[in-house]
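Colleague: I would like to go through this model with you and ask what each label rests on. Please show it first.

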Amino acid sequence: MDKRLQSILWTLIAVLVVFLLLIYVGGNVFGVERLQTGENPVLRFVFVIIGLLLTFLVYYLTKENEAWQVGTREVVWMAIGAALYAVFSWLFNGTVFVVPSLSQVSLRPAIAIPMFFGYAFGPVVGFFSGAVGNMFGDALTGFGLSPQWSLGNGLVGFVAGMAVLYKNKKKSMNSALWISGVLSAVAVVLFFLNRNMENMMFFAPEEGIFGDATISMFAGISIIVGFLLVLIVRFAFNENIDIAAAVSWSMLGNIVGIGFAAISDIWINGFSPEAAIVGEFLPAAGPNLIFAAILVPLLVAAYDAVQTQSGR
Amino acid sequence: MLVSWRYRDRKSLIQWFDPRAWLIFYGCFLATTLFFWDVRFLAPLALLSLFVLITSGVTWAEMRRAFLFIIGFVFFFAILTFLTGRGGVEVYEKEHLVRKFTAPFTILGWRPTLKITVERLFFAASQFVRVFSIAIMTILIPYTLNPALYGVTFKGLGLPDKIAYAMDLTMRFIPTFGRDFQLTMDAQKARGYELEKIEGGLIAQVRKLGPIIVPVTIHAIIGSEDIIDAMDLRAFGVGPRTWLQELHYQTKDRILIGFGVFMLVAAVVILFLGYGDFWVPEALIQSLAK
């Protein structure tokens, strides 16, 4: 590992330690409640750093791979991906339709952008598109900042781009497919378990809260709907490995990225694990997956056509 | 063709400072605001942001659209919070009922009821102040940050050359793609495309987004070839980058950064002392609650 990367890594670790100390000393020793549970602004940054360390680990393990080269083309694609993601998420944020859920998670068709950019141009471009695009998108709406969600979106693009790290495209694609299948199944099982126990649901209709059971039902199974759509696309385009691999990896990226952000909210916002998975992960990741299954193949097919035409 | 943000040279408080110093200050302001739910601490921050807005020299005509959009957005969320109690549940435990409305009908066995409580009213107000001050500070940035300085500003904040340049390009592309989106939308509408028309299932609806998202994205990628060529011809990324304009911190910038850091540290200290959580005036509870 060269010197520069080493210094970045150590800086990240040092910052992480400082934040953890702040939380430990402030939260546990001095008993400052704002640093323990509830909406916790300090922990957000801890999770950003944990996420960055995770991406660093992947990079370190595969650092010989060409996918990590960043040249002129990658710099421009990063900027395009991030700007498109910001513009689309700004324009579609709440203007198309909104499903009520925890923490203002809304339907975001724009999620197809970091997935496509990650898959087409590699993990670095995907990460930048997702993370910076989400940051600017939030800034455009003038709405706070949730760095852990920016990082989660970055991971969506990053994992989608990990497709290029494997030599055997077909095999890696199938593993991505089945890992995501298992993870979605687990989430849905949690959803059905917690449907029967009403006290676990964050939105209780008796209290006059708008998020009602029917929408949760759709949100709860939407990830399965999305998974089935991905499966259909995967086998319908068995010949066209690009489209099949793009949707499979996008799905894994979506589950890992959104899962990371939602699970970090267990500590940041003090949700119960059930509330984080059922109330936040499913209503965000499920619809995302439906958008991914439909929009990513369209983008990949269109880009293929451009490549054949221009010969690049 | 690139469309740019509405930046122009103004004699104003923001533009008097070095852009790096302002961004650092902005970061501190953001973090400080996010720490608090207490209106007594949020109010001075909101006043500060209003002061910055008034001295920014951005005219109403220039920022009307963005401003109205954000005001609408902030109101929407404050009202949503008020109606649903969403988010507030974590901050307060007891609610004092002012009035309760019950709908005379049921939807699928669920009877809509609206409880107006002192806490919800005040929480919506606190959230309004909080989001409002963040929003004002955020929308001023594109109006007041010189596009020629984007790259060197991000570089000056410690990002590597390539990432700084990518951030620079991102900021420049956003208004352009916004325009492209609008153009594509109009062109598709002229061909009979109807995004607003709600019919068909979920999948049909998602597919409807294709005719907008695909052309805008592919057009952007094809257009990027020219930018890539231009950058390659100027030997982008071959050696360490130099910037046409350099930035130097002056005393006023150091003071601004110092002020920002002081604000942040003070906020942390106040939190440690146990203040800053959601607060409702006792008098209000006594006068309103039954």
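Modeller: What follows takes confidence, chain B, two of its helices and the nonpolar cores in turn.

Modeller: This is a predicted model, in which local features need pLDDT of at least 70, side-chain atom pairs count only at pLDDT 80 or more, and totals for chains, interfaces and linings use all residues. Residues are numbered from 1 along each chain as its sequence is written, while chains are lettered from A and ligands numbered from 1 in the order in which they are written.

Colleague: How do you know what confidence the predictor has in chain B, and which elements have the lowest and highest mean pLDDT?

Modeller: From pLDDT, the predictor's confidence in each residue, from 0 to 100. Chain B has a mean of 81, with 83% of its residues at 70 or more. Among its elements, strand S1 (residues 97-102) of chain B has the lowest mean, 65, and helix H9 (residues 210-233) of chain B the highest, 91. For the complex, the predictor gives an ipTM of 0.82 and a pTM of 0.84.

Colleague: What makes a run of residues a helix or a strand, and how many of each does chain B have?

Modeller: Both are DSSP runs numbered from the N terminus: helices are H or I with at least four residues, strands E with at least two. By that rule chain B has eleven helices and two strands, in the order α-α-α-α-β-β-α-α-α-α-α-α-α.

Colleague: How do you know that the span of helix H3 (residues 39-55) of chain B agrees with what is expected?

Modeller: The expected span is 1.5 Å times one less than the number of residues. For the 17 residues of H3(B) that gives 24 Å, and the end C-alpha atoms are 24 Å apart, which agrees.

Colleague: Which residues of H3(B) are called buried, and why?

Modeller: A residue is buried if 20 or more other C-beta atoms lie within 10 Å of its own, exposed if 12 or fewer, and partly exposed in between, with C-beta atoms placed from the backbone. In H3(B), Phe41(B), Leu42(B), Leu45(B), Ser49(B) and Val52(B) are buried. They cover an arc of only 95 degrees, so they are on the same side of H3(B); the arc is that of the directions from the helix axis to the C-beta atoms. The face turned away carries exposed residues, including Arg40(B) and Phe51(B).

Colleague: What do the buried residues of H3(B) pack against?

Modeller: Helix H1 (13-16), helix H2 (19-35) and helix H5 (118-144) of chain B. Contact here requires C-beta atoms, placed from the backbone, within 7 Å.

Colleague: What makes the buried residues of helix H10 (residues 251-272) of chain B line one face?

Modeller: Asp253(B), Leu256(B), Gly260(B), Ala267(B), Val268(B) and Leu271(B) are buried. Their directions fall within an arc of 115 degrees, so they line one face of H10(B). They pack against H2 of chain B.

Colleague: Why is the largest nonpolar core called a core, and where does it lie?

Modeller: A nonpolar core is a set of buried Ala, Val, Leu, Ile, Met, Phe, Trp, Tyr and Cys residues joined through C-beta atoms within 7 Å. The largest has 115 residues, with the most contacts inside it made by Ala112(A), Trp249(A) and Ala292(A). Helix H10 (residues 273-310) of chain A gives the largest share, 19 residues. Domain 1 (1-69) and domain 2 (70-304) of chain A both contribute, so this core lies between them; the bounds come from an automatic or database domain assignment. A second, separate core of 37 residues includes Phe35(B) and Leu45(B).

Technical notes. Contact = placed C-beta atoms within 7 Å.
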